[in-house]
Amino acid sequence: MQKPDDSLLIAQLKDGNKYAFEKLYEKYSGKLYNSISLLLYNKNTAKDITQNCFLLIWEKRISLDPDKSFPSYLYTIARNLVYKETERQVLNNKFVESTIHSAEIFEDNTIEDLNNTYIESYLKKLVNELSPVPKEIFLLKQEKELSTKEIASKMDLTERSVEAHLYRTMKFLKEKLRDYMSIFLI
């Protein structure tokens, strides 16, 4: 139910009376602000929404009905603005989280790619330092994926000899890579 003095103020507001608008603002802005800030827990946002509610009242003053409840109309506007603000905040938070997550994945992948590139180049350098026979055995095993028996046959060596070369080569590479990784991680 509309209070008699509200009906008069709304009728005057419809005619563009700024004094009536100021009286309605003084009467309802404090209560509206408190209600909004209880919902949002953010005083600045509550202040902005309160201001926007009254801005909408001023813009729609011609369509106001002096016989209908002004507080109900005002709180309906406020509720809708609070919903929109909450939705905007949720979408903004999702966007920020998504952006951070994407940046972390990109950074992790980039760092991992760089690490792998450095390790691969260092491994190639180490393989090039090997003497010709162990180097050829290692490359046939790793790149051509030949078995020990196939390597022995191809190089006219015994299988035991190929296994010994691979063992010593792998031991050498592991030691050098371990040293490199400890320096690299520092």
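Is Ala-78 buried or exposed? At 4% relative accessibility, Ala-78 counts as buried, because the cut-off for that class is under 20%. The model is predicted, and its protein chain holds 7 helices and 0 strands. Buried residues make up 27% of the 186 residues in the chain.

**Overall layout**

- From the N terminus on, the elements run α-α-α-α-α-α-α.
- Among the contacts with a separation of 6 or more, 60% join residues that are 24 or more positions apart.

**Ala-78 and its surroundings**

- Ala-78 lies in helix α4, which covers residues 70-129.
- Leaving aside residues up to four places away in sequence, Ala-78 touches Leu-32, Ile-36, Ile-49 and Cys-53.
- Two of these partners, Ile-49 and Cys-53, are themselves listed as buried in α3.
- Ala-78 and Phe-54 are 24 residues apart in sequence, and their C-alpha atoms are 9.3 Å apart in space.

**Helix α3**

- Helix α3 takes in residues 43-59, which is 17 residues.
- At 1.5 Å a residue this helix should span 24 Å, and its end C-alpha atoms are 24 Å apart, so the expected and modelled values agree.
- The buried residues of α3 are Thr-45, Ala-46, Ile-49, Thr-50, Cys-53, Phe-54 and Ile-57.
- An α-helix has 3.6 residues a turn, so residues three or four places apart point the same way.
- Asn-42 caps the N-terminal end of α3, with a side-chain oxygen 3.1 Å from the backbone nitrogen of Asn-44.

**Asp-6 in helix α1**

- Asp-6 belongs to helix α1, which runs over residues 4-14.
- Although Asp-6 is charged by residue type, its relative accessible area is 1%, so Asp-6 is buried.
- The side chain of Asp-6 makes a polar contact of 2.8 Å with the side chain of Lys-27.
- Apart from residues up to four places away in sequence, Asp-6 touches Leu-24, Lys-27, Tyr-28 and Pro-71.

**Two loop residues with positive phi**

- Tyr-41 sits in the loop between α2 (18-40) and α3.
- Phi of Tyr-41 is near 60°, a positive value in a residue other than glycine.
- Tyr-41 has a relative accessible area of 74% and is therefore exposed, as the cut-off for that class is over 50%.
- Asp-156 is found in the loop between α6 (148-155) and α7 (159-185).
- Phi of Asp-156 is also near 60°, again a positive value in a residue other than glycine.
- With a relative accessible area of 72%, Asp-156 is exposed.

**The largest pocket**

- Rolling a probe the size of a water molecule over the atoms shows where empty space is left.
- The largest pocket has a volume of about 180 Å³.
- Its lining consists of Glu-120, Leu-123, Lys-124, Val-127, Asn-128, Lys-135, Phe-138, Leu-139, Gln-142 and Glu-143.
- By type, the lining residues divide into 4 nonpolar, 2 polar and 4 charged.
- Helices α4 (70-129) and α5 (132-142) each supply at least two residues of the lining.
- The largest share of the lining, 5 residues, comes from α4, the helix that also holds Ala-78.

Conventions. Residues are numbered from 1 along each chain as its sequence is written. This is a predicted model: local features need pLDDT of at least 70, side-chain atom pairs count only at pLDDT 80 or more; totals for chains, interfaces and linings use all residues. Side-chain values use heavy atoms; hydrogens and water are left out. On a 1 Å grid over the protein atoms alone, a cavity is a set of points where a 1.4 Å probe fits but cannot get out, and a pocket is an open set with protein on both sides within 12 Å along at least five of seven lines; lining residues have an atom within 4 Å of a point. Grid points are joined across faces, edges and corners, and a volume is the space filled by probe spheres set on the points. Helices (H or I, at least four residues) and strands (E, at least two) are DSSP runs, numbered from the N terminus. Buried means under 20% relative accessible area, exposed over 50%, partly exposed in between (1.4 Å probe, protein chains only). A polar contact is a pair of N or O atoms within 3.5 Å; within protein, one must be able to donate a hydrogen and the other to accept it, and residues adjacent in sequence count only if both atoms are side-chain atoms. Contact means heavy atoms within 4.5 Å. The expected span of a helix is 1.5 Å times one less than its number of residues.
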